[in-house]
Protein chains: 2
Amino acid sequence: MEKSQDALVLLRQIIRATDLHDKHLSRLTGLTMPQLMVMQTLRINGPLTIGMLAKEMNLAQATVTSILDRLERKELVRRERSHTDKRKVLACPTEAGLELLKSAPATLQDTFIREFEDMHDWEQSMIVASLERVSHILGAHHIDAAPMLDIGALDRSTDSGVPDYLRDEQSPLKN
Amino acid sequence: MEKSQDALVLLRQIIRATDLHDKHLSRLTGLTMPQLMVMQTLRINGPLTIGMLAKEMNLAQATVTSILDRLERKELVRRERSHTDKRKVLACPTEAGLELLKSAPATLQDTFIREFEDMHDWEQSMIVASLERVSHILGAHHIDAAPMLDIGALDRSTDSGVPDYLRDEQSPLKN
DNA sequence: TGCATTGCTTTGCATTACAAAATACTTAAC
DNA sequence: GTTAAGTATTTTGTAATGCAAAGCAATGCA
């Protein structure tokens, strides 16, 4: 009963570390965190429609639209209408946008990977198994996350046994 | 080299799960996430000065002030001037505020603890050790986090070997 | 007393966030 | 082919974050 507290504290530390890292990167790039989040998501997934982007980041479409407005004004992202379906609009990172991300200092996952690869095989396995367990407990198991630490979010969930707030957001109470 | 990717994905899933949970809780309580964050921080730490609160949550004092304004309007928090130093203002959760938090559904950490305690001792140890390792890698090791998952943030850091963005936020580039 | 410091609030501004309405396009039905 | 229904995005309107800079009050020290 001591250890569960320890584990919770450690989890908090981990989450907080990534949060602080994000804030740091945010200041460094001159982008706000949601803006950075869009850029990272695009970097990983390539061009996405606004709707996809919104779903990936768990935001309303309208929110993403206005974030993209600002990114476009900074010429980090370009909007491109789909040819096959002219309702769709693809958000594409520009050269400058990708450059900005590339020029960012060693990211947290770089650090992580470097240290991780230095470990013994048994330790790597232990960590993966543990994370697997924790992830499963938190109901995160089914989430289709990209291998990216600093930011972003995915959503695809199809099977059962999932806390319903992990499925769809909608609730009565509003501020 | 496969495993490090696995680990990163799992970490992302874990972080995302807590984020989604926070959003869920936010809708459920009718509070915004920063507001919830303040309440949780106060629940854990008891009454705090505005400055302390700001430091705990890594926000500017001005930001916390305005969040508290809203929480006070909702009668979830009460401001109380310190007797010993009348410059200081303590933010105290009200009865209603504590009640609101208590009435919230089983939190993520409850779920976690329940599942965790069911594990074999060796597995518990393995997980703690793994989290310890990960936390250390991410430079989170030194962070004095409260045993609280959903939200909140602490900051105390004194020793060395720490990425400097984990120490103090200040940078030239500004949007 | 004089004055720098500390702690908080106010002010002004940019950004995020979302629901609801409006717009533009596509597809299915007839 | 025209209409109706549905889909994808933007617009609009409102509230909340988030911060820097300025302002104000209390403290403490020289």
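Let's start at the surface near DNA strand C. Which element gives the most to it? Helix α4(A) does, with 5 residues. Keep in mind that this is a predicted model.

Now look around strand C as a whole. There are 24 residues surrounding it. The closest are A:T32, A:A62, B:T49, B:G51 and B:A62. Read the chain letters there: both A and B appear. The elements say it too. From chain A, α2 (33-45) and α4 (61-73) each supply at least two residues. From chain B, α3 (50-57) and α4 (61-73) each do so as well. What kinds of residue are they? The surface near strand C divides into 8 nonpolar, 9 polar and 7 charged residues.

Next, DNA strand D. Again, 24 residues lie around this strand. A:T49, A:G51, A:A62, B:T32 and B:A62 come nearest. Here α3 (50-57) and α4 of chain A give two or more residues, and so do α2 (33-45) and α4 of chain B. Which helix gives the most near strand D? That is α4(B), with 5 residues. The split near strand D is 8 nonpolar, 9 polar and 7 charged.

Let's put the two strands side by side. Near strand C, chain A brings α2 and α4, while chain B brings α3 and α4. Near strand D, chain A brings α3 and α4, while chain B brings α2 and α4. Take a moment to find those helices on the screen.

Now the sheets. In chain A, 3 strands form an open, antiparallel sheet, in the order β1-β3-β2. The edge strands are β1 (48-49) and β2 (77-81), and each pairs on one side only. How many bridges join β1(A) to β3? There are 2, and the strands run antiparallel. In that pairing, A:L48 stands opposite A:A91 in β3(A).

Over to chain B. Its open sheet also has 3 strands, antiparallel, in the order β1-β3-β2. Its edge strands are β1 (48-49) and β2 (77-81). Between β2(B) and β3 (residues 89-93) there are 5 bridges. Among the facing pairs, B:R79 stands opposite B:A91, and B:E80 stands opposite B:L90. On the other side, 2 bridges join β1(B) to β3(B). The bridge partner of B:L48 there is B:A91. Notice B:A91, then. This residue of β3(B) faces B:R79 and is also partnered with B:L48.

Turn to the first helix of chain A. Helix α1(A) has 27 residues. From first C-alpha to last, α1(A) reaches 39 Å, close to the 39 Å expected at 1.5 Å a residue. Is this helix mostly covered or mostly open? Mostly covered: 19 of its 27 residues are buried. After the helix comes A:G30, with a positive phi near 80°.

Last stop, the largest nonpolar core. A general point helps here. In soluble globular proteins, nonpolar side chains tend to be buried together. This core holds 34 residues. Which members touch the most others? They are A:A7, A:I14, A:L131, B:A7, B:I14 and B:L131. Both chains build this core: α1 (3-29), α6 (108-117) and α7 (121-137) of each give two or more residues. Finally, pick out B:L131. Leaving aside residues up to four places away in sequence, B:L131 touches A:A7, A:L10, A:L11, A:I14 and A:S130. Those partners sit in chain A.

How values were computed:
Residues are numbered from 1 along each chain as its sequence is written. Chains are lettered from A and ligands numbered from 1 in the order in which they are written. This is a predicted model: local features need pLDDT of at least 70, side-chain atom pairs count only at pLDDT 80 or more; totals for chains, interfaces and linings use all residues. A nonpolar core is a set of buried Ala, Val, Leu, Ile, Met, Phe, Trp, Tyr and Cys residues joined through C-beta atoms within 7 Å. A residue is buried if 20 or more other C-beta atoms lie within 10 Å of its own, exposed if 12 or fewer, and partly exposed in between; C-beta atoms are placed from the backbone. Helices (H or I, at least four residues) and strands (E, at least two) are DSSP runs, numbered from the N terminus. Two residues are in contact if their C-beta atoms, placed from the backbone, lie within 7 Å. A residue is near a molecule or strand if its C-beta atom, placed from the backbone, lies within 6 Å of it. Ala, Val, Leu, Ile, Met, Phe, Trp, Tyr, Cys and Pro count as nonpolar, Asp, Glu, Lys and Arg as charged, and the others, Gly among them, as polar. The expected span of a helix is 1.5 Å times one less than its number of residues. Two strands pair if DSSP finds at least two bridges between them.
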